[in-house]
Amino acid sequence: MSESENQKLATEAAEGAPVAAAPEPGGKKKRKKKGAPDSFIILVACLIVVALVTVAMSFFTSEVTGASFADVLTSPVLGFSSAMQVCVFVLVLGGFLAMVNKTGALDTGVATLVRALKGRELVLIPILMLLFGICGSTYGMMEETVPFYILLAATMYAAGFDTLTGALVVLLGAGAGCIGSTVNPFSVGVATAALTDMGIAIDQGVIIGFGLVLFVIAEAISIFFVMRYAKKVKADKGSTFLSLQEQEESEKEYGQMEEDAENPAFSAVLSGKQKVVLVLFALTFVVMIVGFVPWQNFGIDVFMAGGSVDDPAGAWSAVLTGVPLGMWYFNEATAWFLLMAIVIGIFARFAGKDIVKTFLGGCAEMVSVALVIALARSVAVIMGETQLDTFILTNAANALSGVPAFIFAPATFLFYFVLSFAIPSSSGMATLAMPIMGPLTNGLGFSAEVMVMIYVAAHGLVAIITPLNGAVLAGLALAKVQYATMLKWVMKVIVVTGIVLVVVLTAAMLIM
């Protein structure tokens, strides 16, 4: 490079102008690698594409109303309104985590755990994935996984893996559980109730048994792939699937934890105060999970004692939020996390001003995450307002009429798979699809139970990869993993799992 070129670059840098890449030997310039598209860009693109599809369809059928500019503009606002409970929960979660982080308990606790597991870190993966899977199978844990992404990203990074490993433990662990739903009230429950209301008998024993089979298949495949990747990253950090930008962000966020865990000279131990904070921290998540699990569906009334279904506020466990454990949703979880954030701040003896400042700072860091969740709902809003979802469902069901079982099963799986991209809500899909698919299945003489599990498996598989699942995008953002990176890695798991599921479901349809 000539002296004049050097001087030009120096001048541009001093003035704040973007500096051109220095030419390589031979006169070639280094090209800056393009990063993956931002989650907001992906979601806006999906919204525009769906809106254009509705406009195009409106010229061919009166069953679909073309989306107007006003519809597109207001759909994110309506999506935010629809996702309000989840968004507020995410904001409060940020304040809660900030309060815990200020005590130093989480950083020191992760380093202590990793040192204690030295050489046995891999054992965390199957254990945690199975735990997430059980939650997914029993009550559809998905949006509730958001806070766990940041925890597992930190732990796995400190253990010598990468943040993608942590994200996959949560995503595929809970996702595989949803694929093998057994008593999940938001998918199996809504679907079977809809069919029963139509006079179609459903054998719950068959649903639970078949759900367990799908659960084992999906979890086994997911655990295998995640552990294989984790071993590679542990042996060679250069084999990570993360881009350079993601690696830099991960190092900035979690690098100190890894250094503390690997440094034999690191002598920091958990103080008594930090141990109590970690106990309160764990208790917060345990109570949240217990609150979401529908114990009434299992005949367990321990949390309802003192009250009833007609008067749940009288139950002893309703003292926390006014709603008994087992009947919680995000409003109750938000109130609980808010309370525990204050409790931890007071126990740590932070001044009132520091508690407020720390909490608000944590909330501020979660604003973009909350907006991603809200924007993800906008596509479903457009689909519903223009009746595109009903049009697709009705015509696909008509096309399946009269086909044999060995075609009906895989075709139905493909149908649910495609439609689930537009309708990420499992209960929304069941409510929309069952009144149409139930009579069709029954009329053809096929098993309604298998049809329900086809819907559950296909929708669960899509929930892992659809960009319209705001919980996944939010969790990945917290784990410092881009959506495109996750999608590229996870596709082999989706393909393998999908093929195995279709074979099993088709065989079940032929037999039953």
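## Helix packing and internal cavities

In this predicted model, helix 4 (residues 84-103) packs against helix 12 (residues 272-292) at an angle of about 160 degrees, and their axes lie 9 Å apart. An angle over 145 degrees counts as roughly antiparallel, so helix 4 runs roughly antiparallel to helix 12. Their crossing is left-handed.

Helix 4 brings Phe89, Phe96, Leu97, Val100 and Thr103 to this contact. Across from them, helix 12 offers Gln274, Val277, Phe281, Thr284, Phe285 and Met288. By class, the contact has eight nonpolar, three polar and no charged residues.

Now the cavities. A search of the whole structure finds two of 30 Å³ or more.

| Cavity | Volume | Lining by class |
|---|---|---|
| Largest cavity | about 40 Å³ | eight nonpolar, two polar, no charged residues |
| Second largest cavity | about 30 Å³ | five nonpolar, two polar, one charged residues |

Four helices each supply at least two residues of the lining of the largest cavity: helix 8 (163-179), helix 10 (204-235), helix 19 (448-465) and helix 21 (483-511). The lining consists of Leu172, Ala176, Ile179, Ala218, Ser222, Leu461, Ile464, Val493, Ile494 and Thr497. No charged residue is part of this lining.

The second largest cavity is lined by Trp295, Gln296, Ile300, Asp301, Phe303, Met304, Leu325 and Gly326. Here the lining includes one charged residue.

Notes
Residues numbered from 1 in each chain as written. Predicted model: local features only at pLDDT ≥ 70, side-chain atom pairs only at ≥ 80, totals over all residues. Heavy atoms only, no water. 1 Å grid on protein atoms, 1.4 Å probe; cavity = no way out; pocket = protein on both sides within 12 Å on 5 of 7 lines; lining within 4 Å. Points joined across faces, edges and corners; volume = space filled by probe spheres on them. Nonpolar A, V, L, I, M, F, W, Y, C, P; charged D, E, K, R; others polar. Axes fitted to C-alpha atoms, helices over the stretch in contact; angles between N-to-C directions. Parallel < 35°, antiparallel > 145°, perpendicular 65-115°, else oblique. Left-handed = near helix turned anticlockwise from the far one by under 90°. Contact = heavy atoms within 4.5 Å.
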